[in-house]
Amino acid sequence: MDRKQALAIVQPHLKQSRFDHTKRVVETAVDLAKFYNEDKQKTEIAAVFHDYAKYRDKDEMERWIISEYLPKDLLHYHHELWHGPVGALLIKREVGINDLSILNAIRWHTTGKAGMNKLEKIIFLADYIEPGRDFPGVDKVREQAKADLDLGCWLAAKNTIQFLMSKNQPIYPDTFHAYNDLLITVK
Ligand code: DGI
Ligand code: FE
Ligand code: FE
Ligand code: FE
């Protein structure tokens with residue numbers, strides 16, 4: 001499957017603005033993949049499908065989490081966190097993508113986790129810094145992304161945690177685990 005075919009599969013599942021975001025994530029991720037020597041084709045496919053489940057019905061996602069034994073604690077956190085793990089499951093079932101490294105990069109793209117591999121880091125970071133994003137501090141993260149992949153991911157996790165805390169939002173433990181784990185390598 002090439003980029004064009006993948007985009008044609010994902011497009012009907014997304015709104016136009018989300019599809020545009022997806023294309024920018026693909027460009028950003030492929031750019032990082034070149035820079036950090038990651039497999040281009042895997043990176044493209046993971047980026048194209050990363051938000052595949054973004055518009056699935058909340059109740060449907062809840063049923064998948066229960067029936068497919070995804071971590072039950074997800075149900076105690078915002079449903080915004082569900083589209084990564086549920087998306088990984090659905091692109092396997094519905095699109096037939098079986099590559100575990102692609103599925104895991106999609107699974108963890110929202111929260112991150114401790115011990116992310118290179119592809120997981122690239123998708124996590126590309127989603128955060130794609131040129132359409134306007135988070136506070138994102139320009140600094142864009143700069144660091146090309147200097148050090150771990151530092152870029154750490155800053156993205158840190159900003160996300162700070163943003164959520166400023167809004168008194170709960171923070172999923174894997175987001176903290178990503179921050180703590182990357183802190184060791186960037187120190
Ligand atoms: O799907 P996207 O919008 O492209 O981006 P994403 O998958 O990174 O999701 C971003 C949303 O998820 C954003 O509203 C912040 C939220 N988020 C990320 N980590 C956590 C989180 N929300 C909670 N409650 N806890 C987290 O750890
Ligand atoms: Fe997402
Ligand atoms: Fe993200
Ligand atoms: Fe996204």
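A residue is called buried here when its relative accessible area is under 20%, and exposed when that value is over 50%. By that rule D51 counts as buried, because its relative accessible area is 2%. The model is a predicted one, and D51 offers a convenient place from which to begin reading it.

D51 lies in the loop between α3 and α4, and once its neighbours within four places in sequence are left aside, the residues in contact with D51 are L14, R18, H21, H83, H109 and D127. Several of these names return at the metal sites. The iron ion (ligand 2) is coordinated at 2.1 Å by an OD atom of D51 together with the NE2 atoms of H83 and H109, and along the chain these donor residues follow the spacing D-x31-H-x25-H. D51 sits in the loop between α3 (40–49) and α4 (58–67) while H83 belongs to helix α5 (residues 83–95), so this pair ties together parts that are 32 residues apart in sequence. Besides sharing the iron ion (ligand 2) as donors, the side chains of D51 and H83 are joined by a polar contact of 3.0 Å, and both residues are buried.

The iron ion (ligand 4) has its own set of donors, namely H21 and H50 through NE2 and D51 and D127 through OD, at 2.2 Å, and in sequence these are spaced H-x28-H-D-x75-D. What links the iron ion (ligand 4) to the iron ion (ligand 2)? D51 coordinates both, and the two ions are 3.5 Å apart. H50, which precedes D51 in the donor spacing, is likewise buried, because its relative accessible area of 0% falls under the 20% cut-off. A further iron ion, ligand 3, is separated from the iron ion (ligand 2) by 5.6 Å.

Two of the metal donors also approach ligand 1. A polar side-chain atom of H21 lies 3.0 Å from an oxygen atom of ligand 1, and a polar side-chain atom of H83 lies 3.1 Å from an oxygen atom of that ligand, whereas Y172 makes its approach with a backbone N or O atom, at 2.9 Å from an oxygen atom of ligand 1. The protein covers 83% of the 580 Å² of accessible area that ligand 1 has on its own. Around ligand 1 there are 17 residues, of which R18, K54, T110, R133 and T175 come nearest; R18 is also one of the residues in contact with D51.

Helix α8 gives a view of the packing between helices. Within α8 (residues 138–145), the buried residues are V138, V141, Q144 and A145. Seen down the axis of α8, these fall within an arc of 120 degrees, so they line one face of the helix. An α-helix has 3.6 residues a turn, so residues three or four places apart point the same way. On the other side of α8, D139 and E143 are exposed. The buried residues of α8 pack against α2 (16–35), α7 (118–129) and α9 (149–166).

The last of these partners, α9, contains W154. Is W154 buried or exposed? W154 is buried, because its relative accessible area is 13%, which is under 20%. Not counting residues up to four places away in sequence, W154 touches Y179, L182, L183 and V186. The C-alpha atom of W154 is separated by 16 Å from that of Y36, a residue 118 places from W154 along the chain.

Technical notes
Residues numbered from 1 in each chain as written. Chains lettered and ligands numbered in written order. Predicted model: local features only at pLDDT ≥ 70, side-chain atom pairs only at ≥ 80, totals over all residues. Heavy atoms only, no water. Buried < 20%, exposed > 50% of the residue type's maximum accessible area, 1.4 Å probe, protein only. Helix = DSSP H or I, 4+ residues; strand = E, 2+ residues; numbered from the N terminus. Arc of directions from axis to C-beta. Contact = heavy atoms within 4.5 Å. Donors = N, O, S within 2.8 Å, 3.2 Å for Na, K, Ca; no water. Near = heavy atom within 4 Å. Polar contact = N/O pair within 3.5 Å; in protein donor to acceptor, adjacent residues only side chain to side chain. Areas by Shrake-Rupley, 256 points an atom, 1.4 Å probe, with all protein chains shown as cover.
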